[in-house]
Amino acid sequence: MADQSRRTFVGRALAGAGALMLGGCYDLSQKKWVTGILGEVENLTRRAQHLFAGQHTLAPEYAKSDIAPVFRANGTRDPGTQEYAAHVATGFVDWRIAVTGLVEKPLSLSMSELKALPSRTQITRHDCVEGWSCIGEWKGTPLALVLAAAKPKPNARYAVFYCADPMTVEGDPDHYYYESLDLAEAVHPQTILAYEMNGEALPVAHGAPVRLRAERQLGYKQPKYVQRIDLVEDFSRIAGGKGGYWEDLGYTWYGGI
Ligand SMILES: Nc1nc2c(c(=O)[nH]1)N[C@H]1C(S)=C(S)[C@@H](COP(=O)(O)O)O[C@H]1N2
Ligand SMILES: [Mo]
């Protein structure tokens, strides 16, 4: 991230946070309801490309030998609610990811339904605006597949991700981490709902049971503990109106690297 002013702002905003550096294909599913999704993905991708021109470049991918021995966890490391603790205790069998809003077919997927979809594995570098990076391997379901299954309506422009971790926001006791991407970024081939990290189930500190990886985006655009994806035309009336928890506090909505 080369934006000096953003870095300075972030540095001030997070003073005391202590940026410690630590060493740094598709397989087809059998599930019946998956049938037809792949064709839908093509339509959706074409439409998104049309809306937002020329966005098909891939983020760099790395070798296994580049994987950081320790991947730093940042922000929420455990949502700490009773509900979340109950999910941890039961191995997330009841965790669901809902797809709502401007879709023809709202969905609610269990983790096993999500994992039954084709997956992608990618070794990428995570860049946080606080000034640290880590390379890790992520496996998950391309978000394009999930969105295509829900059949976005023509006026859907953004995917808003709602997370299970409460954040402290003055005057708003019921506020959770949230983020948003435009549809082009949402259906990018490296945008996945990741449920494995470095070959193991996603740890709690990194967003168990499922977090977003949008590899051309900064760290704060990668929501952990995702429970709902809402397709909207406009996010100006959601929470602080800026499209994400950190955006509402002053970060730019566009978090591309
Ligand atoms: N739900 C949730 N998602 C989140 C955050 C958070 O606090 N809560 N922090 C963000 C930030 S700023 C970063 S850098 C990454 C950190 O991901 P990691 O803990 O896997 O390193 O998660 C992002 N997604
Ligand atoms: Mo971050």
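Modeller: A helix here is a DSSP run of H or I with at least four residues, and helices are numbered from the N terminus. The model is predicted.

Biologist: Between which helices is the place of Arg72?
Modeller: Arg72 sits in a loop, not in a helix. Residues 37–51 form the helix on one side, and residues 82–89 form the helix on the other. The two helices are H2 and H3.

Biologist: Does Arg72 count as buried or exposed?
Modeller: The cut-off for buried is under 20% relative accessible area. Arg72 has 9% relative accessibility, so Arg72 falls below that cut-off. The class is buried.

Biologist: Which side chain does a polar contact of 3.5 Å join to that of Arg72?
Modeller: Arg72 and its partner are both among the closest residues to ligand 1. Their side chains also make a polar contact with each other, at 3.5 Å. The partner is Asn74.

Biologist: How many residues surround ligand 1?
Modeller: The closest are Arg72, Asn74, Asp165, His206 and Lys224. Strands S3 and S5 (158–166) each supply at least two residues of the shell. The full count is 21.

Biologist: A polar side-chain atom of which residue lies 2.6 Å from an oxygen atom of ligand 1?
Modeller: Thr76 is ruled out: a backbone N or O atom of Thr76 lies 2.9 Å from a ligand oxygen. Asp165 is ruled out too: its polar side-chain atom lies 2.7 Å from a nitrogen atom of the ligand. The residue is Lys224.

Biologist: What percentage of the area that ligand 1 exposes taken alone does the protein bury?
Modeller: The space taken by ligand 1 is the largest pocket. Taken alone, the ligand exposes 530 Å². The buried share of that area is 99%.

Biologist: Why is strand S3 largely enclosed by the rest of the structure?
Modeller: S3 covers residues 120–128, nine positions in all. It is largely enclosed because the number of these 9 residues that are buried is 7.

Biologist: How many bridges join S3 to S4?
Modeller: S4 covers residues 132–142 and runs antiparallel to S3. Arg120 stands opposite Gly140 in S4. The bridges number 9.

Biologist: Which residue in the turn of the S3 and S4 hairpin has a positive phi?
Modeller: The hairpin has 3 residues between its strands. In that turn, a phi of about 105° belongs to Gly131.

Biologist: What percentage of the residues of the protein count as buried?
Modeller: The protein has 7 helices and 10 strands. Its accessible surface comes to about 12200 Å², with 54% belonging to carbon and sulfur atoms. Of its 257 residues, the buried share is 49%.

Terms used:
Residues numbered from 1 in each chain as written. Chains lettered and ligands numbered in written order. Predicted model: local features only at pLDDT ≥ 70, side-chain atom pairs only at ≥ 80, totals over all residues. Heavy atoms only, no water. Buried < 20%, exposed > 50% of the residue type's maximum accessible area, 1.4 Å probe, protein only. Pairing = 2+ DSSP bridges. Near = heavy atom within 4 Å. Polar contact = N/O pair within 3.5 Å; in protein donor to acceptor, adjacent residues only side chain to side chain. Areas by Shrake-Rupley, 256 points an atom, 1.4 Å probe, with all protein chains shown as cover. 1 Å grid on protein atoms, 1.4 Å probe; cavity = no way out; pocket = protein on both sides within 12 Å on 5 of 7 lines; lining within 4 Å. Sits in = over half its atoms within 2 Å of the grid points.
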